[in-house]
Amino acid sequence: MLVKKLIDQGYLSKEEYILLLEQYTQEDKEQLRKRALELKEKYYGKKVYTRGLIEFTNYCKNNCFYCGIQGKNKNVERYRLSMDEILECCQIGWNLGFRTFVLQGGEDPYFTDERIVEIVKAIKGTYENCAITLSIGEKSYEAYKKFREAGADRYLLRHESANEDHYKKLHPEEMTLQNRKECLYQLKELGFETGAGFMVGSPYQTNECLADDLIFLKELQPHMVGIGPFIPHHDTIFAQQEKGSLDKTLLLISVLRIILPKINLPATTALGTLDAKGREKGIQAGANVVMPNLSPTSVRKKYELYDNKICTGDEAAECRGCLQRRIESIGCEMVSERGDSAVLRE
Ligand code: 5AD
Ligand code: FES
C-alpha cells in the first residue's frame, strides 16, 4: 500500500515514511528498486556519469563526531596539495576522460576564498568545458558568490541530518543545522547545481530522522543527493558504533530516485567499502554517478573519513578502469560527459 502510494504520488507523509522504513519487506524493496531503475533510465538511460574526485586537503577546523579527519584527531598526518599538484590531478583525469572534477577538502583556513577562486580559475582556464564541483563545507554567501563567479558549477554539502536533535548528536555545538540549511539554499540561489545528503545508520539515527531527511530533501529540491552508510572510524567517539546497513542504504537510494527522479545520485565510496559490490548494487537500485578517486596515491590513505576506505592502496592507482569494468559488468555504460543534472533540463 505504502509502496504503491510512494510510486504513484512521488512522496509520503512523515508518518508514512516512518512506517515504510519500519515495515518494509524484501518484496517492497524490490518493487521500489524496479521503479527507481525505470526512472533512472528515463532520465539517464544506461549511462553512468563519472566525477574525478580530488581530495586536496585533509586539514579541517571542524570536529564532526563521526569523521576521521576532524581537526582534533592528532593521529592524522595532514597534507595539502599545491596548485601544481591539483592541476596535475586534473591533467591525468582529463586524459582519462573525466569532464567533472570534484575538489573536496576539510574546512581548511589555509585555503582562503581567494585561493579557492584561483584554483577554480586555473582549472577552468585549462579545461574550458569541464565542470567543477566544490565540496569544502560551510562558507559565507559572499564566498559562495565568488566561487560561482570564478566558474564553479556545482557544490556538494551534505546536510548530514535534517533532524535538529540528531544533528546535535553528530556535531559539536558550533555547528548548526540551521546554518547548514541556509548554506544549501544560498548555493541554490547562486545557481550552483547543489547537492545535499546524509549517512545511513549514523549513531542515534532513527527512522524518524530519515523521514525528516526525505522531507527536507523534497523541499530543498537539490540537483544531487549523496548518501552512503555510516562506517565507524577508530579515532572517533563513534569507534564502537554499528555501521549502517547495506539493505537500508539501497532502499533509500531507490526511495530518493522516486521522490526526486531527475537528481544525480552517486553510488558512493562508502557503499563500496561496506560491500565489495556495493557500488554496483547502488547503481542497480537507482544511482547514476560514480566518483573515482583522482588524488595522488601517496595521500589517499590520509583522507580516511572512516575505516577501511577502499581505493587507498597502490592497487587503486587506476580507479577509473576498475569502475568501468564494474559498470559494464551490470550492463551499464560509463560515459565521459559533464553529466549535468537532469533537473536542469526542464
Ligand atoms: N562514515 C561514512 N561517511 C562519512 N562521512 C564522514 N565521516 C563518515 C563516516 N565515518 C561523510 C559525511 C561527509 C562526507 C564527505 O563523508 O557525510 O559529508
Ligand atoms: Fe578505486 Fe576500484 S574504484 S580501486
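A polar contact is a pair of N or O atoms within 3.5 Å; within protein, one must be able to donate a hydrogen and the other to accept it, and residues adjacent in sequence count only if both atoms are side-chain atoms. The model is predicted, so local features need pLDDT of at least 70 and side-chain atom pairs pLDDT 80 or more, while totals for chains, interfaces and linings use all residues. Residues are numbered from 1 along each chain as its sequence is written, chains are lettered from A and ligands numbered from 1 in the order written, and side-chain values use heavy atoms, without hydrogens and water.

Ligand 1 has these polar contacts:

| Ligand 1 atom | Protein partner | Distance |
|---|---|---|
| nitrogen | tyrosine 66, polar backbone atom | 3.0 Å |
| oxygen | arginine 158, side-chain N or O | 2.9 Å |
| nitrogen | isoleucine 231, backbone N or O | 2.7 Å |

Taken alone, ligand 1 exposes 410 Å², and the protein buries 87% of that (Shrake-Rupley method, 1.4 Å probe). Residues around ligand 1 (a heavy atom within 4 Å) include Cys67, Glu160, Met199 and Phe230. The shell divides into eight nonpolar, no polar and two charged residues; Ala, Val, Leu, Ile, Met, Phe, Trp, Tyr, Cys and Pro count as nonpolar, Asp, Glu, Lys and Arg as charged, and the others, Gly among them, as polar.

Asparagine 288 lies in the loop between α12 (278-284) and β8 (289-290); helices (H or I, at least four residues) and strands (E, at least two) are DSSP runs, numbered from the N terminus. Asparagine 288 is buried, at 0% relative accessible area (buried means under 20%, with a 1.4 Å probe and protein chains only). Its side chain makes a polar contact with the side chain of asparagine 264 at 2.9 Å. The asparagine 288 side chain also reaches the backbone nitrogen of leucine 265, at 2.7 Å.

Methods
Buried means under 20% relative accessible area, exposed over 50%, partly exposed in between (1.4 Å probe, protein chains only).
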